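Biologist: I should be grateful for a close look at a single part of this model. Please set out how that part is built and what surrounds it.

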Amino acid sequence: MNSPLVENYFRVDKFPHIWCPGCGHGIIMAAMGRAIETLGLDKDKVCIVSGIGCSSRAPGYMDFNTLHTTHGRALGFATGVKLANPELEVIVVAGDGDLSAIGGNHLIHAARRNINITTICFNNNIYGMTGGQYSPTTPTHEKGTTAPYGNIDRPFDITQLAGGAGATYTAKTTVYHANQMQKFIEAAIQHKGFSLVEAISICPTYYGRKNKKGSVVDMMNFLKDSFVDRKVAEKLPPEKLEGKFLMGEFVNKVEPEYTALYDGIIERLKK
Amino acid sequence: MAKKVKFLQGNEACVEGALMAGMKFYSGYPITPSTEIAELSAERLPQIGGKFIQMEDEIAGIAAAIGASLTGVKAMTATSGPGFSLKQENIGYAALAEIPLVIVNVQRGGPSTGLPTSPAQGDVMQAKWGTHGDHPVICLTPDSVRETFDLTVRAFNLAEKYRTPVILLTDEITGHMREKIEIPEQSEIEVYNRIKPEVGSDYKAYKVEEGDLVPKMAAFGEGFRYHVTGLMHDETGFPSNSTANADVLIKRLMAKIDDNLDDIIDYEEMFMEDAEYVIFAYGGTARTAKAVVKQLRNEGVKVGLFRPITIWPFPEARIKEIGANVKDILVTELNFGQLKLEVERSVGGKCPVRFYGKANGEIITPEELILSFREVL
């Protein structure tokens, strides 16, 4: 028996989904569904846009206006949808490679414009769909199929990247912290401006296996033990923060929103 | 009421035509020699409640236009040379996902950065084969400012009618040339709008009615909540790995064009009734060819002009007929013989096909074309 949430907000006839056993992506998709349900959004007015990759298959399972685009370009398509019809609640789903490598230009410019789009980054630190190549968020020294001797790249912090580019709401959390994730997604959707929630996911099939991260439970425990709320971290001594990652809300500010500014021009020209 | 007469560039006439056709959205990236199309769209669209956005790159320029089209508005993007190369992947997306869209390419000298301010016609094959995979293509090319206006309207109409991206392939000659143009009244313009499903109907986004080839298109936000993907999909719009399904889909996409050649193909013929020789030319180069044909006719040479207005689909059947009835066809274009190959293929050896062209950024002058023509006499 499916829960009312699943029946109401997901395309149950499209299940089972394509994700591997133990993949964290389903937790993020469920958090999105719960956030949309909690906010009581009109399903007909929600548009979910994705690019290419494991995470980008999520919109196909979600019962809204859904658009599965080309690799990296979800924010380009989403910008057209939002500007052409600002009444639509536009949510972008993107993996770490999709969003910060091939789509990196679109990320920084959507953030710079402060267009009212909510971006949920499913960050599993790897290119999963193509079989485990290192991505812009793969930590240095870790392995991927294209980094057999260890990754020498330095990783992006996507939350900081978006904030630096002008996003007016950013938050980071993990698939272990599913309830917090839902709250952040709700806040991001309600925020008038460009918002980004970086959801740290797990890829046991490729990232976990390649880097000997143990079982799915081990990987979830790693998220539980390694991520510290940034406000809590402020009160901790440096030695307690060694090897830890910060999570929580990083940016939350009000700035003029792009489609509202454009509508202002249209109104001004009417006079 | 007096007609509105203007002195416009081809690029400006393109925007006038787009607005008459119902354009409400433009997204693009600055590039010479197409930029006037963006500039005028930026000025005019908000005046009528439409939207303009300068995106961060060429790829986003077409992506946003596709997104806008899905909300039910008519969208256009314009570019030149390198930008046309960058847009190719999403042209294929729009073809497969059946998104109406107009892409203008004001051709300039290539390859690479090439000759940004000089004319060329080197993108005609790219317009057909630029994106990967087999896909339907409609490509129109004007030879005057007024025709740029008319073909922009037509490009929107064909995009809406066949749910497919339509390429308006102009060149630096027609794009930057100024001519007197009489702008028709809105009431004189035939405008085609995409067919939408009835509200409340059981909608399958890619299902076609019996005997039809084009699915009805709902706008996002109208209550149909459908899925759009660049993966092969079934009639519901959801991905399908079935080769049988892919076969049905790709054949239907091609048939949208191939079964409607009479509706899509357009060309101009001059002095063709008794022609023994033919000059084949299009776009800005056709202006040179017209001057040459008139001069030769004055000299008593039985020469005619064939000018394709629709380049893709190629007017193959008509060229085949012509080839069977004339002594020689001279193809002239600003490239090293891209459409010459199509003409050769179409005449199937029935007559010789000669070629005069160049790709150094110069236009072809009547003097040099006439010299080339005289070689056959």
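The part in question and its surroundings are taken up in the reply below.

Biologist: Which strands are joined by bridges to strand 2 of chain B, and how many of its residues are buried?

Modeller: The model is a predicted one, and the description that follows starts from the strand and then moves outward.

Strand 2 of chain B covers residues 23-28. The strand is mostly covered, since six of its six residues are classed as buried. Bridges join it to two further strands of chain B, namely strand 4, residues 74-79, and strand 3, residues 51-54. With strand 4 of chain B there are three bridges, and the two strands run parallel; here B:M23 has B:K74 as its bridge partner. With strand 3 of chain B there are four bridges, again in a parallel arrangement, and B:F25 is partnered by B:K51. The pairing with strand 3 also belongs to a larger motif: strand 2, helix 2 (residues 35-44) and strand 3 of chain B form a β-α-β unit that is right-handed.

The next step outward is the domain level. Chain B is divided into domain 1, residues 4-188, and domain 2, residues 269-374. Their C-alpha centres are 26 Å apart. In the contact between them, 22 residues of domain 1 of chain B meet 19 residues of domain 2 of chain B. On the domain 1 side, at least two residues each are supplied by helix 5 (124-129), strand 6 (138-140), strand 7 (165-171) and helix 7 (172-176) of chain B. Helix 5 of chain B provides the largest share, with four residues. By class, this side of domain 1 of chain B comprises 12 nonpolar, seven polar and three charged residues.

Finally, there is the contact between the chains, to which chain A gives 33 residues and chain B gives 34. On the side of chain A, the elements with two or more residues are strand 2 (65-68), helix 3 (74-84), helix 5 (104-113) and helix 11 (258-270) of chain A. Helix 3 of chain A gives the most, eight residues. This side of chain A holds 13 nonpolar, 13 polar and seven charged residues. Strand pairing also crosses from one chain to the other: strand 2 of chain A and strand 9 of chain B, residues 227-229, run parallel and are joined by three bridges. Within that pairing, A:T66 stands opposite B:H227.

Terms used:
Residues numbered from 1 in each chain as written. Chains lettered and ligands numbered in written order. Predicted model: local features only at pLDDT ≥ 70, side-chain atom pairs only at ≥ 80, totals over all residues. Contact = placed C-beta atoms within 7 Å. Nonpolar A, V, L, I, M, F, W, Y, C, P; charged D, E, K, R; others polar. Pairing = 2+ DSSP bridges. Buried ≥ 20, exposed ≤ 12 C-beta atoms within 10 Å, placed from the backbone. Right-handed = clockwise from strand over helix to strand, strands pointing away. Domains from an automatic or database assignment.
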